[in-house]
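This report sets out the architecture of a single protein chain, moving from its domains to individual residues. Please consult the sequence and the structure alongside the text.

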Amino acid sequence: MNSEKLAAFRKRVLEQGKLLYRDLPWRNTRDPYAIWISEVMLQQTQVSRVDGRWQHWMQRFPNVPTLAAADSADVLDEWQGLGYNRRALSLHRAAQQLMDRAHSDSERSVEHAFESAEFLDSHFPREIADLVSLPGIGAATAAGIRAFAFNLPSIYVETNVRTVFLHEFFPEQHKVSDAQLIALVEKTCPADASNPADDPRSWYYALLDYGAYLKKTLPNPSRRSATHAKQSQFEGSHRQKRAALVRILLQVRRDKQALDELSLALLLNEHEHKAGRPDVEKGEFSQILSELQKEGFCHKTAAGWQA
(Lines give C-alpha, C1' and ligand atoms only; values in the text may rest on other atoms or scores of the structure.)
Protein backbone atom coordinates (compact mmCIF):
# COMPACT_ATOMS: atom_id res chain seq x y z
CA MET A 1 0.00 0.00 0.00
CA ASN A 2 1.71 3.23 -1.12
CA SER A 3 1.84 6.30 1.09
CA GLU A 4 -0.25 8.43 -1.28
CA LYS A 5 -3.18 6.04 -1.14
CA LEU A 6 -2.97 5.83 2.65
CA ALA A 7 -2.84 9.63 2.91
CA ALA A 8 -5.90 9.99 0.65
CA PHE A 9 -7.73 7.41 2.73
CA ARG A 10 -6.92 9.18 5.98
CA LYS A 11 -8.06 12.52 4.55
CA ARG A 12 -11.35 11.00 3.37
CA VAL A 13 -12.06 9.35 6.73
CA LEU A 14 -11.35 12.54 8.68
CA GLU A 15 -13.61 14.54 6.37
CA GLN A 16 -16.39 11.98 6.78
CA GLY A 17 -15.81 11.98 10.52
CA LYS A 18 -16.48 15.72 10.70
CA LEU A 19 -19.67 15.40 8.66
CA LEU A 20 -21.00 12.35 10.48
CA TYR A 21 -19.79 12.99 14.04
CA ARG A 22 -22.10 11.59 16.73
CA ASP A 23 -22.13 13.49 20.02
CA LEU A 24 -22.49 10.42 22.24
CA PRO A 25 -22.47 10.84 26.04
CA TRP A 26 -19.45 8.60 26.66
CA ARG A 27 -17.43 10.80 24.30
CA ASN A 28 -17.77 13.69 26.74
CA THR A 29 -15.59 12.09 29.39
CA ARG A 30 -11.97 11.02 29.70
CA ASP A 31 -12.64 8.79 32.71
CA PRO A 32 -11.19 5.39 31.74
CA TYR A 33 -13.72 3.58 33.93
CA ALA A 34 -16.67 5.26 32.19
CA ILE A 35 -15.17 4.58 28.77
CA TRP A 36 -14.46 0.96 29.69
CA ILE A 37 -18.12 0.48 30.64
CA SER A 38 -19.27 2.02 27.34
CA GLU A 39 -16.94 -0.20 25.31
CA VAL A 40 -18.28 -3.36 26.95
CA MET A 41 -21.90 -2.26 26.61
CA LEU A 42 -21.44 -1.48 22.92
CA GLN A 43 -20.27 -4.99 22.08
CA GLN A 44 -22.98 -6.39 19.76
CA THR A 45 -25.48 -3.88 21.18
CA GLN A 46 -26.98 -0.95 19.29
CA VAL A 47 -25.90 2.56 20.27
CA SER A 48 -29.53 3.59 20.75
CA ARG A 49 -29.97 0.93 23.43
CA VAL A 50 -26.75 1.81 25.24
CA ASP A 51 -27.58 5.53 25.29
CA GLY A 52 -29.57 5.81 28.49
CA ARG A 53 -28.45 2.51 29.99
CA TRP A 54 -24.86 3.76 30.23
CA GLN A 55 -25.95 6.88 32.10
CA HIS A 56 -28.06 4.83 34.50
CA TRP A 57 -25.16 2.46 35.15
CA MET A 58 -22.85 5.39 35.87
CA GLN A 59 -25.34 6.75 38.40
CA ARG A 60 -25.61 3.41 40.15
CA PHE A 61 -21.92 2.40 39.91
CA PRO A 62 -20.07 5.70 39.31
CA ASN A 63 -16.53 4.39 39.81
CA VAL A 64 -14.39 1.32 40.26
CA PRO A 65 -14.74 1.11 44.07
CA THR A 66 -18.54 1.29 43.90
CA LEU A 67 -18.70 -1.46 41.28
CA ALA A 68 -16.17 -3.63 43.11
CA ALA A 69 -18.12 -3.36 46.38
CA ALA A 70 -21.51 -4.09 44.80
CA ASP A 71 -23.30 -7.40 45.14
CA SER A 72 -22.90 -9.42 41.94
CA ALA A 73 -26.69 -9.85 41.75
CA ASP A 74 -27.13 -6.06 41.71
CA VAL A 75 -24.62 -5.81 38.87
CA LEU A 76 -26.48 -8.52 36.95
CA ASP A 77 -29.78 -6.79 37.61
CA GLU A 78 -28.50 -3.52 36.15
CA TRP A 79 -27.13 -5.34 33.10
CA GLN A 80 -30.42 -6.97 32.03
CA GLY A 81 -31.22 -6.24 28.39
CA LEU A 82 -27.61 -5.53 27.39
CA GLY A 83 -26.62 -8.94 26.08
CA TYR A 84 -24.43 -11.68 27.52
CA ASN A 85 -24.79 -11.74 31.31
CA ARG A 86 -21.26 -13.01 31.77
CA ARG A 87 -20.01 -9.60 30.63
CA ALA A 88 -21.56 -8.05 33.75
CA LEU A 89 -19.84 -10.58 36.00
CA SER A 90 -16.55 -9.95 34.19
CA LEU A 91 -16.90 -6.20 34.79
CA HIS A 92 -17.53 -6.88 38.48
CA ARG A 93 -14.54 -9.21 38.81
CA ALA A 94 -12.28 -6.86 36.89
CA ALA A 95 -13.24 -3.97 39.20
CA GLN A 96 -12.38 -6.13 42.20
CA GLN A 97 -9.02 -6.98 40.66
CA LEU A 98 -8.31 -3.30 40.03
CA MET A 99 -9.04 -2.59 43.69
CA ASP A 100 -6.74 -5.41 44.75
CA ARG A 101 -3.97 -3.94 42.60
CA ALA A 102 -4.60 -0.47 44.01
CA HIS A 103 -4.38 -1.76 47.59
CA SER A 104 -1.05 -3.34 46.72
CA ASP A 105 0.31 -0.27 44.94
CA SER A 106 -0.78 2.51 47.25
CA GLU A 107 -0.60 3.26 50.96
CA ARG A 108 -3.22 6.00 50.59
CA SER A 109 -6.94 5.50 51.10
CA VAL A 110 -7.98 3.73 47.93
CA GLU A 111 -11.55 5.04 48.03
CA HIS A 112 -10.30 8.63 48.29
CA ALA A 113 -7.62 8.06 45.69
CA PHE A 114 -10.03 6.61 43.14
CA GLU A 115 -12.01 9.85 43.19
CA SER A 116 -9.03 11.84 41.98
CA ALA A 117 -7.84 12.24 38.40
CA GLU A 118 -4.31 11.67 39.68
CA PHE A 119 -5.23 8.21 40.92
CA LEU A 120 -7.12 7.31 37.74
CA ASP A 121 -4.16 8.36 35.62
CA SER A 122 -1.63 6.44 37.68
CA HIS A 123 -3.59 3.29 38.59
CA PHE A 124 -5.96 2.54 35.73
CA PRO A 125 -4.02 0.35 33.27
CA ARG A 126 -2.93 1.89 29.98
CA GLU A 127 -0.87 -0.88 28.45
CA ILE A 128 -2.56 -3.56 26.36
CA ALA A 129 -1.01 -6.42 28.34
CA ASP A 130 -2.23 -5.00 31.65
CA LEU A 131 -5.72 -4.33 30.31
CA VAL A 132 -6.25 -7.75 28.70
CA SER A 133 -5.13 -9.42 31.93
CA LEU A 134 -8.43 -8.25 33.46
CA PRO A 135 -11.54 -10.45 33.13
CA GLY A 136 -13.62 -9.73 30.04
CA ILE A 137 -11.21 -7.27 28.41
CA GLY A 138 -10.02 -8.36 24.99
CA ALA A 139 -7.75 -6.67 22.50
CA ALA A 140 -10.45 -4.43 20.99
CA THR A 141 -11.77 -3.22 24.36
CA ALA A 142 -8.23 -2.57 25.56
CA ALA A 143 -7.44 -0.59 22.40
CA GLY A 144 -10.64 1.43 22.82
CA ILE A 145 -9.74 2.35 26.39
CA ARG A 146 -6.24 3.40 25.31
CA ALA A 147 -7.51 5.54 22.44
CA PHE A 148 -10.58 7.16 23.98
CA ALA A 149 -9.46 7.59 27.59
CA PHE A 150 -5.74 8.21 27.16
CA ASN A 151 -5.46 9.28 23.48
CA LEU A 152 -2.78 6.65 22.90
CA PRO A 153 -2.17 4.87 19.58
CA SER A 154 -3.90 1.52 19.41
CA ILE A 155 -4.93 -1.18 16.96
CA TYR A 156 -8.68 -0.89 17.42
CA VAL A 157 -10.64 -3.33 15.27
CA GLU A 158 -14.38 -3.59 15.85
CA THR A 159 -17.32 -3.94 13.47
CA ASN A 160 -17.57 -0.30 12.30
CA VAL A 161 -13.81 0.08 11.91
CA ARG A 162 -13.70 -3.23 10.06
CA THR A 163 -16.50 -2.00 7.77
CA VAL A 164 -14.55 1.10 6.70
CA PHE A 165 -11.38 -0.80 5.82
CA LEU A 166 -13.27 -3.50 3.94
CA HIS A 167 -15.21 -0.88 1.97
CA GLU A 168 -12.20 1.25 1.11
CA PHE A 169 -9.45 -1.32 0.53
CA PHE A 170 -11.21 -4.59 -0.28
CA PRO A 171 -14.39 -3.58 -2.19
CA GLU A 172 -14.74 -6.86 -4.11
CA GLN A 173 -12.87 -9.30 -1.91
CA HIS A 174 -14.45 -11.88 0.38
CA LYS A 175 -13.08 -13.68 3.45
CA VAL A 176 -10.73 -10.81 4.28
CA SER A 177 -8.78 -11.76 7.39
CA ASP A 178 -8.31 -9.49 10.37
CA ALA A 179 -4.56 -9.89 9.90
CA GLN A 180 -4.92 -8.05 6.56
CA LEU A 181 -6.95 -5.31 8.21
CA ILE A 182 -4.76 -4.96 11.31
CA ALA A 183 -1.73 -4.07 9.20
CA LEU A 184 -3.69 -1.17 7.67
CA VAL A 185 -5.27 -0.10 10.96
CA GLU A 186 -1.82 0.11 12.53
CA LYS A 187 -0.37 2.13 9.62
CA THR A 188 -3.19 4.67 9.59
CA CYS A 189 -3.57 5.35 13.31
CA PRO A 190 -1.80 8.58 14.36
CA ALA A 191 1.32 7.90 16.39
CA ASP A 192 0.58 10.50 19.06
CA ALA A 193 -1.81 13.23 20.22
CA SER A 194 0.18 16.19 18.92
CA ASN A 195 -2.57 17.24 16.47
CA PRO A 196 -5.96 17.64 18.23
CA ALA A 197 -7.79 17.32 14.92
CA ASP A 198 -5.96 14.15 13.98
CA ASP A 199 -5.01 12.22 17.10
CA PRO A 200 -5.82 8.60 18.01
CA ARG A 201 -9.08 9.57 19.71
CA SER A 202 -10.34 11.74 16.82
CA TRP A 203 -9.19 9.18 14.25
CA TYR A 204 -11.16 6.33 15.77
CA TYR A 205 -14.24 8.50 16.33
CA ALA A 206 -14.12 9.28 12.60
CA LEU A 207 -13.75 5.61 11.67
CA LEU A 208 -16.61 4.58 13.94
CA ASP A 209 -18.98 7.23 12.59
CA TYR A 210 -18.07 6.63 8.96
CA GLY A 211 -18.46 2.88 9.48
CA ALA A 212 -21.88 3.31 11.11
CA TYR A 213 -22.96 5.40 8.11
CA LEU A 214 -21.71 2.81 5.61
CA LYS A 215 -23.60 0.02 7.37
CA LYS A 216 -26.83 2.03 7.05
CA THR A 217 -26.38 2.91 3.38
CA LEU A 218 -24.69 -0.17 1.85
CA PRO A 219 -25.07 -3.93 2.05
CA ASN A 220 -23.08 -4.59 5.20
CA PRO A 221 -19.42 -4.77 4.07
CA SER A 222 -18.44 -6.58 7.29
CA ARG A 223 -20.09 -9.70 5.85
CA ARG A 224 -17.03 -9.99 3.63
CA SER A 225 -14.79 -10.36 6.66
CA ALA A 226 -13.38 -13.79 7.44
CA THR A 227 -14.54 -13.22 11.04
CA HIS A 228 -18.17 -12.67 10.05
CA ALA A 229 -20.52 -15.37 11.24
CA LYS A 230 -24.29 -15.43 11.09
CA GLN A 231 -25.59 -15.20 14.63
CA SER A 232 -27.39 -18.33 15.74
CA GLN A 233 -31.07 -18.06 16.62
CA PHE A 234 -31.51 -16.86 20.19
CA GLU A 235 -35.19 -17.64 20.80
CA GLY A 236 -35.60 -21.20 21.98
CA SER A 237 -31.85 -21.73 22.34
CA HIS A 238 -29.98 -22.95 25.41
CA ARG A 239 -28.61 -19.43 25.80
CA GLN A 240 -32.11 -17.96 25.81
CA LYS A 241 -33.20 -20.36 28.55
CA ARG A 242 -30.14 -19.48 30.60
CA ALA A 243 -30.96 -15.77 30.32
CA ALA A 244 -34.58 -16.41 31.29
CA LEU A 245 -33.55 -18.37 34.39
CA VAL A 246 -31.14 -15.59 35.41
CA ARG A 247 -34.00 -13.08 35.22
CA ILE A 248 -36.19 -15.39 37.32
CA LEU A 249 -33.44 -15.75 39.94
CA LEU A 250 -32.99 -11.99 40.06
CA GLN A 251 -36.72 -11.52 40.61
CA VAL A 252 -36.60 -14.12 43.38
CA ARG A 253 -33.86 -12.10 45.02
CA ARG A 254 -35.79 -8.82 44.64
CA ASP A 255 -38.72 -10.54 46.34
CA LYS A 256 -36.33 -11.56 49.15
CA GLN A 257 -37.07 -15.21 48.57
CA ALA A 258 -35.25 -18.41 47.74
CA LEU A 259 -36.81 -21.22 45.72
CA ASP A 260 -36.20 -24.93 45.32
CA GLU A 261 -35.35 -26.46 41.95
CA LEU A 262 -38.90 -27.60 41.21
CA SER A 263 -40.29 -24.10 41.76
CA LEU A 264 -37.62 -22.59 39.52
CA ALA A 265 -38.31 -25.18 36.82
CA LEU A 266 -42.04 -24.42 36.96
CA LEU A 267 -41.39 -20.68 36.63
CA LEU A 268 -39.06 -21.24 33.69
CA ASN A 269 -41.62 -23.45 31.96
CA GLU A 270 -44.30 -20.84 32.59
CA HIS A 271 -42.06 -18.33 30.82
CA GLU A 272 -41.54 -20.75 27.92
CA HIS A 273 -45.27 -21.45 27.61
CA LYS A 274 -46.04 -17.73 27.32
CA ALA A 275 -43.61 -17.61 24.40
CA GLY A 276 -45.26 -20.61 22.77
CA ARG A 277 -42.41 -23.00 23.48
CA PRO A 278 -42.50 -26.48 25.10
CA ASP A 279 -41.31 -27.35 28.61
CA VAL A 280 -37.59 -27.34 29.27
CA GLU A 281 -36.53 -30.93 29.73
CA LYS A 282 -35.40 -31.89 33.22
CA GLY A 283 -31.88 -32.71 32.07
CA GLU A 284 -31.40 -29.38 30.33
CA PHE A 285 -32.83 -27.48 33.31
CA SER A 286 -30.38 -29.21 35.67
CA GLN A 287 -27.55 -28.46 33.26
CA ILE A 288 -28.49 -24.76 33.06
CA LEU A 289 -28.75 -24.41 36.84
CA SER A 290 -25.40 -26.16 37.30
CA GLU A 291 -23.76 -23.92 34.69
CA LEU A 292 -25.11 -20.77 36.32
CA GLN A 293 -23.92 -21.88 39.74
CA LYS A 294 -20.40 -22.67 38.50
CA GLU A 295 -20.17 -19.34 36.68
CA GLY A 296 -21.25 -17.34 39.74
CA PHE A 297 -24.73 -16.33 38.60
CA CYS A 298 -26.52 -18.01 41.50
CA HIS A 299 -25.98 -19.96 44.71
CA LYS A 300 -27.87 -22.39 46.87
CA THR A 301 -28.72 -21.53 50.46
CA ALA A 302 -30.49 -23.55 53.15
CA ALA A 303 -33.72 -21.87 52.01
CA GLY A 304 -33.20 -22.55 48.32
CA TRP A 305 -31.72 -20.98 45.18
CA GLN A 306 -31.22 -17.26 44.53
CA ALA A 307 -29.03 -14.93 42.48
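## Domain organisation

In this predicted model, the domain assignment divides the protein chain into domain 1, residues 3–224, and domain 2, residues 238–306. The centres of the two domains, taken over C-alpha atoms, are 33 Å apart. Domain 1 brings 12 residues to the contact and domain 2 brings 11.

The protein chain contains 16 helices and two strands. Its C-alpha atoms occupy a box of roughly 70 × 55 × 30 Å along the principal axes. Of its 307 residues, 48% count as buried. Among contacts with a separation of 6 or more, 66% are made by residues 24 or more positions apart.

## The interface between the domains

The size of an interface is often expressed as the accessible area lost when the parts come together. Between domain 1 and domain 2 the buried area is about 940 Å², and carbon and sulfur atoms contribute 53% of that area. Three salt bridges are counted between the two domains, and three residue pairs, both members at pLDDT 80 or more, are in polar contact across the interface.

On the side of domain 1 that touches domain 2, α5 (72–79) and α6 (85–105) each supply at least two residues. The largest share comes from α5, with five residues. By character, the residues on this side of domain 1 are four nonpolar, three polar and five charged.

## A salt-bridge network around R253

R253 takes part in a salt bridge with D74, at an N to O distance of 2.9 Å. This pair links distant parts of the chain, with R253 in helix α14 and D74 in helix α5, 179 residues apart. Both residues are partly exposed: R253 has a relative accessible area of 27% and D74 one of 23%. Salt bridges with shared partners join R60, D71, D74, D77, E78, R253 and R254 into one network. Within it, the side chain of R253 also meets that of D71 in a salt bridge, at 3.7 Å from N to O.

Another pair of the network is E78 and R60, whose closest N and O atoms are 2.9 Å apart. E78 belongs to helix α5 and R60 to helix α3 (residues 47–60), so this salt bridge ties together parts that are 18 residues apart in sequence. The two partners differ in burial: E78 is buried at 6% relative accessibility, whereas R60 is partly exposed at 31%.

## A buried salt bridge within domain 1

The whole structure holds 17 salt bridges. One that joins D198 and R10 has an N to O distance of 2.7 Å. D198 is in the loop between α12 (178–188) and α13 (200–217), and R10 is in helix α1 (residues 3–20), so the pair connects parts that are 188 residues apart in sequence. D198 counts as buried at 18% relative accessibility, and R10 counts as buried at 17%.

## Buried elements: helix α2 and L249

All 10 of the 10 residues of helix α2 (residues 32–41) are buried, so the helix is largely enclosed by the rest of the structure. Among them are the aromatic residues Y33 and W36, and also the charged residue E39. At the start of α2, a side-chain oxygen of D31 comes to within 2.9 Å of the backbone nitrogen of Y33.

L249 is located in helix α14 (residues 238–254) and is buried, with a relative accessible area of 1%. Beyond its neighbours within four places in sequence, L249 contacts L264, L292, C298, W305, Q306 and A307. L249 and N195 are 54 residues apart in sequence, and their C-alpha atoms are 51 Å apart in space.

## Loop residues with positive phi

Two residues other than glycine have positive phi values, namely N151, near 55°, and K256, at about 55°. N151 is in the loop between α10 (139–150) and α11 (159–169), while K256 is in the loop between α14 and α15 (261–274). Their surroundings contrast: N151 counts as buried at 11% relative accessibility, whereas K256 counts as exposed at 78%.

Key
Residues numbered from 1 in each chain as written. Heavy atoms only, no water. Domains from an automatic or database assignment. Contact = heavy atoms within 4.5 Å. Buried area = accessible area lost by both parts, 1.4 Å probe. Salt bridge = Lys/Arg side-chain N within 4 Å of Asp/Glu carboxyl O. Polar contact = N/O pair within 3.5 Å; in protein donor to acceptor, adjacent residues only side chain to side chain. Helix = DSSP H or I, 4+ residues; strand = E, 2+ residues; numbered from the N terminus. Buried < 20%, exposed > 50% of the residue type's maximum accessible area, 1.4 Å probe, protein only.
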